[in-house]
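Trainee: I would like to take a close look at one small part of this protein and then see what surrounds it. Could you take me through it slowly?

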Amino acid sequence: MEHPLHIYNTLTRKKENFVPINPPFTGLYVCGPTVYGDPHLGHARPAITFDVLFRYLDFLGYKVRYVRNITDVGHLENDADEGEDKIQKKARLEQLEPMEIVQYYTDRYHTFMDMLNVRKPSIEPRASGHIIEQQEMVEKIIKNGFAYEVDGSVYFDVEAFSKKHNYGKLSGRVLDDLMANTRDLDGQGEKRNPFDFALWKKASPSHIMRWPSKWGHGFPGWHLECSVMSTKYLGDTFDIHGGGMDLLFPHHECEIAQSVGADGKEAVKYWMHNNMITINGQKMGKSLGNFITLEELFTGNHKLLEQPYSPMTIRFFILQAQYRSTLDFSNEALKAAEKGLDKLLEINESIKQIKASQNSSVDVNAIRKDVFSCLNDDLNSASVIASLFEHSRTVNKALIGQETLNQNDINELSQLYSDVIYKILGLKNEKISKNSDSGIMSGLVDLLLKERQSAKQKKDFETSDRIRNKLTELGIEIKDTKEGAEWKLK
Ligand code: ZN
């Protein structure tokens with residue numbers, strides 16, 4: 001194994017040496033999407049961050065079980081346990097069965113994750129498939145005195161819990177402050193305190209997504225599914241729980257409270273949180289008009305986009321920042337990422353052009369140590385990439401004979417670059433993969449051509465030309481026929 005991996009644990013606010021509970025097995029749970037809309041830029045960051053962790057742990061030789069859930073019930077429109085279920089609302093608006101919405105957007109999520117070369121998790125459980133287990137957990141929490149039932153709903157009693165345990169330990173929020181801030185708020189309804197959260201909600205007569213329970217017909221609270229499904233598949237205590245920083249409070253704080261409330265102990269050893277993506281310095285939001293889906297990014301069909309960006313450009317862009325730092329999206333940054341990725345892949349190719357010498361003047365092992373020390377420093381993909389670029393100087397010198405490498409060292413260096421770029425960072429050479437029939441490439445071109453067609457129908461010739469030009473630039477020849485556009489590789 002390489003140098004010890006250190007990861008930043010949000011719980012202790014320190015970088016800690018990663019030691020699995022039960023080596024070589026490693027359990028990783030990450031909060032997946034609530035499937036009621038198209039995946040967007042904000043979905044790409046946690047997916048890619050934890051994909052790199054998954055890949056790296058695998059590379060290091062751990063046997064990783066990676067669980068990433070699909071939220072298909074219980075995620076209400078606001079965090080105060082009020083409002084409509086997000087999926088049910090979409091189903092109502094589109095006059096579809098909620099599970100049709102779930103299926104459609106789960107498929108869409110998978111398609112775009114495949115394009116981003118995000119490996120599939122080992123298990124992808126759905127909340128609606130674990131209702132009985134969720135009810136069992138609610139019963140345990142009630143039995144332990146940390147939850148109460150009111151008119152068919154069950155709430156977690158944060159105040160009672162706080163008398164014995166530390167609510168707020170993950171987020172650093174203090175209950176007294178929560179009390180002071182929420183005391184005067186309206187809409188407390190049937191909860192004893194506004195900061196109590198729903199474990200089970202009574203279904204109103206119009207609520208379609210409902211299950212029978214000992215408290216009447218209802219549905220589980222959103223935080224519950226992750227506590228239940230993570231421990232069901234990874235054991236009472238497991239290694240890593242990841243997610244976006246936006247989930248730290250209340251979602252993950254509530255998960256800890258639920259586990260301690262039910263089993264008397266915490267389930268998670270390391271909590272990891274990726275930071276958010278901003279757009280031109282602003283938070284991304286539907287109301288701000290800067291909400292960009294992955295499809296829009298890949299097709300360029302959005303008013304903020306100056307051109308389409310390929311999935312690997314997006315992946316590289318995200319990896320250019322350490323996962324705990326904020327990342328600001330802009331056309332300039334994406335164009336720079338596009339060029340940067342090309343350059344990185346060129347270095348990898350040029351290593352193979354180096355002519356072998358008898359002796360080496362280069363210490364390949366030192367280069368290897370340097371690159372892996374960046375990975376081991378809390379998966380610092382930004383410094384990994386910087387280090388790969390830094391050592392390209394040696395490659396360039398070797399190409400013109402200013403440095404020498406023997407065949408063995410050339411092979412080692414080539415292996416190092418390939419392992420890190422492809423296996424660990426999960427990048428792909430899109431220009432090569434278009435020659436292999438992976439299906440993703442064809443799907444992507446078809447998708448772009450469909451976008452081009454609809455732009456043409458709307459007489460938006462600027463967009464349709466832009467798509468055509470970009471495809472031509474990438475080496476794809478388009479022929480318009482009566483049956484629609486055809487394409488082939490030049
Ligand atoms: Zn979750």
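Trainee: Which residue in β4 is the bridge partner of Phe25?

Mentor: The bridge partner of Phe25 in β4 is Lys63. Please bear in mind that this is a predicted model, in which local features need pLDDT of at least 70 and side-chain atom pairs count only at pLDDT 80 or more, while totals for chains, interfaces and linings use all residues. Residues are numbered from 1 along each chain as its sequence is written.

The pair belongs to a longer arrangement, in which β3 (residues 25-30) runs parallel to β4 (residues 63-68) over 6 bridges; two strands are said to pair if DSSP finds at least two bridges between them. As a general point, strands of a sheet pair through backbone hydrogen bonds, either parallel or antiparallel. Strand β3 is largely enclosed by the rest of the structure, because 5 of its 6 residues are buried, where buried means that 20 or more other C-beta atoms, placed from the backbone, lie within 10 Å of the residue's own, exposed means 12 or fewer, and partly exposed lies in between.

Looking beyond this pair, the protein chain has 18 helices and 15 strands, which are DSSP runs numbered from the N terminus, with at least four residues of H or I for a helix and at least two of E for a strand. Buried residues make up 44% of the 490 residues in the protein chain.

Another parallel pairing is that of β11 (residues 277-279) with β13, joined by 3 bridges, where Ile277 has Leu327 in β13 as its bridge partner. These two strands and β12 form an open sheet of mixed pairing in the order β12-β11-β13, and β12 (282-283) and β13 (327-329) are its edge strands, each pairing on one side only.

As for nonpolar packing, the largest nonpolar core has 124 residues, and those with the most contacts inside it include Leu116, Ile141 and Phe156; such a core is a set of buried Ala, Val, Leu, Ile, Met, Phe, Trp, Tyr and Cys residues joined through C-beta atoms within 7 Å. Helix α1 (residues 41-59) supplies the largest share of this core, 10 residues. Leaving aside neighbours within four places in sequence, Ile141 is in contact with residues including Phe146, Leu199 and Gln258, contact meaning that the two C-beta atoms, placed from the backbone, lie within 7 Å.
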